[in-house]
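Here's a quick look at a single chain, taken a piece at a time. Have the model open while you read.

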Amino acid sequence: MTETTGDIRIKAATTPLGLFVYTLVYGGMTVLAGVLAFKQVQLYPTDLAVEAGIFAFLLLVVISSTIAQLYGEKLANRIVWWGFLPLLLAALLMQLVLNLPASPEMAGGRADDLAAFEQVHATIWRVWAAGPAAYIVSLLLNVWIFSRLRGSDENTGTVSLMIRGAIASALSQAIDSVIFITLAFYGQFPITNLLIGQILAKVVLSLVLVPFLITGGVAFAKWLDRRKG
């Protein structure tokens, strides 16, 4: 049986507003995390470093956990898998833009800007390749741990939510760091400080910040759903 236009409209009308908004934000964060990852930020006052993509990636953790909490583990996993689509499109568009000739005005009058753009994005292919591998392992692991720790349906209080979010995020982000840093930067420069800093930063942020972000994310999604109703 084919799906009619009316059926599609009914499904769209019954989709929770919180789920709709978070799905849009999720797709944007998957692309932004890869772009930001090219810059390493120093963790002052130490010599340790962290790739800047963790800030967007932590939001992916928060959103996937929020969706699992409110709309179910299966839907959260589906969103994670669909996150590959904007990653793939972004990578293909980047290659297209890099291979298109620059305008005469830019090549002649803004040659330095053009060279900087091409230098950064032509060498970002390892980041784009490492991102999906680390992304799918860590996000699916995050949803799995978060859902397994939930236990009974009654175990849904705020404290439980915060603890589950912190544990799932810390474990999954530590795994993500090892996969991503190794695949993206090994051989380009010494990665020990970056790897240690990345794991340290993600674990600390997972324990300190993520619990409150997830609690706020769940509350905001519920508020959006009530507004639609």
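What follows covers confidence, the annotated spans, one residue and one helix.

## How far to trust it

This is a predicted model, so start with the confidence scores. Mean pLDDT for the chain comes out at 82, with 88% of its residues at 70 or more. Helix α4 (residues 73–82) has the highest confidence, at a mean of 93, while helix α1 (residues 5–14) has the lowest, at 52.

## Annotated spans

An unreviewed UniProt entry lists residues 19–38, 50–72, 79–98, 127–146, 166–187 and 199–221 under "transmembrane region". Take two of those spans in the model. Residues 79–98 are 95% helix and 0% strand, and their end C-alpha atoms sit 29 Å apart. For residues 199–221 the helix share is 96%, again with 0% strand, and the end C-alpha atoms are 29 Å apart.

## Around Asn77

Asn77 belongs to helix α4. Leaving aside residues up to four places away in sequence, Asn77 touches Leu140 and Val143. Ser64 is 13 residues away from Asn77 along the chain, and 7.9 Å separates their C-alpha atoms.

## Helix α10

Does the length add up, and what should the 17 residues of helix α10 (residues 192–208) span? At 1.5 Å a residue the answer is 24 Å, and the end C-alpha atoms are indeed 24 Å apart, so the two agree.

Which residues of α10 are buried? They are Leu194, Gly197, Gln198, Ala201, Lys202 and Ser206. Looking down the axis of α10, these buried residues fall within an arc of 150 degrees, so they line one face of the helix. Thr192 and Val208, on the other side of α10, are exposed.

Conventions: Residues numbered from 1 in each chain as written. Predicted model: local features only at pLDDT ≥ 70, side-chain atom pairs only at ≥ 80, totals over all residues. Heavy atoms only, no water. UniProt positions renumbered as here; feature names shortened; annotations may be inferred. Helix = DSSP H or I, 4+ residues; strand = E, 2+ residues; numbered from the N terminus. pLDDT = per-residue confidence, 0-100. Contact = heavy atoms within 4.5 Å. Expected span 1.5 Å × (residues − 1). Buried < 20%, exposed > 50% of the residue type's maximum accessible area, 1.4 Å probe, protein only. Arc of directions from axis to C-beta.
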